[in-house]
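Colleague: Please take me through a close look at one part of this model, and then set that part in its surroundings. I should like each term to be explained where it is introduced.

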Amino acid sequence: MVKPTLLDVKNLAIEYTMRGGVIHAIDGVSFEVKAGECFGLVGESGCGKSTAAKAILGLWASNAAVTAGEIIFNGRDLLRIGRGDLSRVRWKEIALIPQNAMNALDPVYTIFDQIYEAMRIHKNVRKPEARERIAELFGLVGLKEDILTHFPHQLSGGMKQRVCIAMALALEPQLVIADEPTTALDVLIQDQILQLVKGLQIRLQVAVLYISHDISIISHMCTRIAVMYAGRIVELGDLRGVLKTPYHPYTMGLLNATPNIGQVRELISIPGVPPDLRVVPKGCRFAPRCPFVKDRCRLEDPDLYAVDGDRRARCFFTSEALTFRELAQQEQTWK
Amino acid sequence: MSKQRYFFRRAVHSLITLWVLMTILFCLFRLLPGDPVAAVSSPEMSAEVKRDLIERFELDKPLYVQYVGFFRGTLRGDLGISFAYQRPVFGIVLARASNTLILIIVVFIVSYSLGFLIGVISAWKRGSRIDNVLLLFALGFRSAPVLWTGMMALYLLSYLWHVFPVGGIRSPGSVSTNFFEHFFNLDFLHHLFLPVVVSSLYFMGFPALLTRSAMLEVMDEDFIELARAKGLKEVAVMFKHAARNAILPAVTAAAVFIGWAFGGILTVEYVFSWPGLGTEMVYAVGYRDYPLAQGCFIFIGLLIIAANLVADFIYGYLDPRIVYQ
Amino acid sequence: MEMRARARSMLAGVTKLSKNRLGLAGSIVIGCFVGVAILAPYLAPYGAMHKSFNERGELESLQKPSARHWFGTTMQGRDVFSQVIYGTRVALLVGVLDALLTGFLGTLVGIAAGYSRGRVDDFLMRFVDILYSIPFEPFAIAVLCILGPSLWRLIAIIALLLWRDPARVIRAQTLTLSQRPYVKSARASGASDLRIMWVHIAPNVLPLTFAYMALGAGWAIIAEASISFLGFGDPGVMSWGTILNHVFVNGQIGNAWWWSFPPGAMIVLLVLSIFVTFRAYEEEFNPRLRRW
């Protein structure tokens, strides 16, 4: 069954203006999220995944600017609609589960006040009605109603994260952006929250854009993923395909560096660091670190080429992917 | 810590401060060069009166006895007799205190509210022209000593254009029968206007700059972004969430503000001939009327401590983390 | 090593300052005041206390501004312009001395409290807390009345109450800094406390010290003016506040605007320049306040 496209991000580019210069945070980012599916956006810290995701809701820093692209949601370009329209889309159609639950709740308001506020902005709902709905939501995420009168500092990290999840689902949005929701939690709680989110996604048939730097988490959650590097998408496709048969050298390296994916073997890391985005790099952005780099890579900038049905990769030499994959498994390739 | 424990701790702290303040006062006024009797008598008094006073204030006894006597006397309300007025200091000071209190309460409210508002708007529109203008406005008035702005205001608005009275607390000859009439009539407000405006312009710089920094820090917090993500209008994000949090450091700093404001109000009272503790103390010290000067100082200190307690209460009410732990 | 690098970066800061126009204007104004203070005897047409008489031998009392007296004269026939010029010396003296005293004392106590923590810190901070309850003006006039008015005493009293602010803030900063790994490792490798405080902590709180020195200078100038205005200034010194005191006690605030306006205006100009220059400097060095 072909699901309809819910969100279509086209060629998104965002720049930050700082004292030292202009940082080209993301460039040419394009991907689609279909209704009811879980789409993963994975990449190391600083690759721009959070920036791209939050831009969907129109949330970017005051020194940032969107320099190109469209974000089509339900037939409208979210980057070009009026402020009033955007605030109506926020939370009601697209909600956010923030990364740092410790800090995401206002310390001076009770839990009830904050969830009620989210509802009140979009619906004319009275407190008793709201309480019923919250009870329902808390049932879904496994929270007791008595915390409603508490303040955020009285709750544990895991509880706060559950509150955020419940709050995100309050208005039955079509899409939920989960921005690394488990990063700030310890491992046991992480697992619980992951199971929770996955369960909810399937049960409520809500589309989730899941962002993480941890590819193993993504592999448990999502059906389609995009790999980001240095502000761009370098590989895109269905989960199984990308993990089993990666086409981009960076993805291959990423899989090598991740335990428990694929076969049991030594962890190999990618030497070097991502490029400084204050200067637009010439050629492929991964070229300085790529073990398979050729001359063309340093001079020309590859597009996101289609490789196999729905699959895409940003590399000139995807035809040699088979060879690359084998070489990538060996340690000395990466020295 | 529970509500009770918090307030109890603050109350104890206030008492200790009061004790230290009074000790400083004791040392200060007993430190007069020359005759220890000079602290309680003026040179014009006869030897007999002086002897009486020496006995009464135990000036011939060792210092520690005097110290205890000082505290006992003060707690009883016996602050000595004013040389100039030839009346008990306590009565005089009490009357003046209410005048100072009215003035300073209004100044506090106006300057802190204005300052807070300026700080919030300035931070919200950071970097814009409004921000720069507001900052310059606040800084400018903070650089202008209130004594001078008072003088300039008096010159222009009172002497030249006759819009406001030249000083004092009410027009001569006005009569009132009760407290309400005393303070809530137009004449009084007419006299109150200039001192309040001039003081507030000077004092608002402090909460303005403080609130601005606090806002800038809060605006970077994750919950502000989440508030926006919920679809809240920017105004609501700024006031309901950012400002509501920024007010906490602003109130914490109220202790500093209170000490500063009570000192500064002295000059304001003097310039506007406002019959409060400030003016009284300046004249008392000028005339070497030590008992009166001392009494004024004690009362000012008392008011400061009381104001601090109120600020602590307000903070406890505003920050749930203090109380619910 | 670190101190030299710090000094170099601060020098670089001064050159960067020139890019910020308001800060530049402020620095220039301060420079002018310094120049006036140094060259006062050459710039002032009359002595500060010199009484002027006209051709008919009459005292030139309360003259409006004219060619002979740019700012007019006082009730006693003295040239206001000259008085204002000589007042510059007092203002700058007070500003500089109090800035240094405040910076020094505040930093010393702040580092000591923040580094030692425990009982010493507790005691010092309670002391500072109590100091906050002492209002400046009443305290100052009481002490000056008892001990006698003198400029040096006033400067000392101002510093005595001013160092509270930097002490608290520098203490907080020191607390954070002493948790840093390089301090912990220095301690582990046997470095003495004093050495750590001098080499590792002091250079890092220096920006704060300078900030409070600037604020202190501004506030001290206003404080001295207030006390002199109330009549407790040094009788042998002609400060701007003293001039304003004369206006007031002679009942001239409703009349002699040429007498009351200039001294106060000078105060505003000087203090505002200090604050503005400081803010420009702070923006360069405190990244959190930076506007991208």
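Modeller: A residue is called buried if 20 or more other C-beta atoms, placed from the backbone, lie within 10 Å of its own, exposed if 12 or fewer do, and partly exposed in between. The part I have chosen is A:G253, which counts as buried because it has 23 C-beta neighbours inside 10 Å. The model is predicted: local features need pLDDT of at least 70 and side-chain atom pairs count only at pLDDT 80 or more, while totals for chains, interfaces and linings use all residues. Residues are numbered from 1 along each chain as its sequence is written, and chains are lettered from A and ligands numbered from 1 in the order in which they are written.

A:G253 lies in helix α10 of chain A, residues 249–256; helices (H or I, at least four residues) and strands (E, at least two) are DSSP runs, numbered from the N terminus. Leaving aside neighbours within four places in sequence, the contacts of A:G253 are A:I270, A:A328 and A:W334, where contact requires C-beta atoms, placed from the backbone, to lie within 7 Å. A:P98 is 155 residues away from A:G253 along the chain, and their C-alpha atoms are separated by 28 Å.

Chain A, to which this helix belongs, contains twelve helices and twelve strands. Its C-alpha trace spans about 65 × 45 × 45 Å along the principal axes. The radius of gyration of chain A, 21 Å, agrees with a compact globule, because a value near 20 Å would be expected for 335 residues; the radius is taken over C-alpha atoms, and the globule rule is 2.2 Å times the number of residues to the power 0.38. Of the 335 residues in chain A, 44% are buried. Of the contacts in chain A between residues at least 6 apart in sequence, 68% join residues at least 24 apart.

The domain assignment (bounds from an automatic or database source) divides chain A into domain 1, 5–222, and domain 2, 228–334. The C-alpha centres of these two domains of chain A lie 28 Å apart. Contact between them involves 23 residues of domain 1 of chain A and 18 residues of domain 2 of chain A. On the domain 1 side, β2 (21–34) and α8 (215–221) of chain A each supply at least two residues, and β2(A) gives the most, with eleven residues. By class, that side has ten nonpolar, ten polar and three charged residues; Ala, Val, Leu, Ile, Met, Phe, Trp, Tyr, Cys and Pro count as nonpolar, Asp, Glu, Lys and Arg as charged, and the others, Gly among them, as polar.

The strands of chain A include β1 (residues 5–18) and β4 (residues 64–73), which pair in the antiparallel sense over eight bridges; pairing requires at least two bridges found by DSSP. In this pair, A:V9 has A:I71 of β4(A) as its bridge partner. β4(A) also pairs in the antiparallel sense with β5(A), residues 76–77, over two bridges. There, A:F73 stands opposite A:R76. These two strands, β4(A) and β5(A), form a hairpin with two residues between them, and A:N74 in the turn has a positive phi of about 50 degrees.

Chain A also meets chain B: 23 residues of chain A are in contact with 17 residues of chain B. On the chain A side of this interface, two or more residues come from each of α2 (83–89), α3 (101–104) and α4 (111–122), with α4(A) giving the largest share, four residues. That side of chain A is made up of twelve nonpolar, six polar and five charged residues.

Chain B has 15 helices and zero strands, and 45% of its 325 residues are buried. Its contact with chain C takes 38 residues from chain B and 33 residues from chain C. The largest share of the chain B side of that contact, nine residues, comes from α12(B). By class, this side of chain B has 27 nonpolar, ten polar and one charged residue.

Finally, the largest nonpolar core has 269 residues, and those with the most contacts inside it include A:I177, B:C296 and C:I141; such a core is a set of buried Ala, Val, Leu, Ile, Met, Phe, Trp, Tyr and Cys residues joined through C-beta atoms within 7 Å. Helix α10 of chain C, residues 193–232, gives the most to this core, with 20 residues. Domain 1 and domain 2 of chain A each give at least three residues to this core. Not counting residues up to four places away in sequence, C:I141 touches B:V282, B:V285, C:I227, C:L230 and C:F232.

How values were computed. Contact = placed C-beta atoms within 7 Å.
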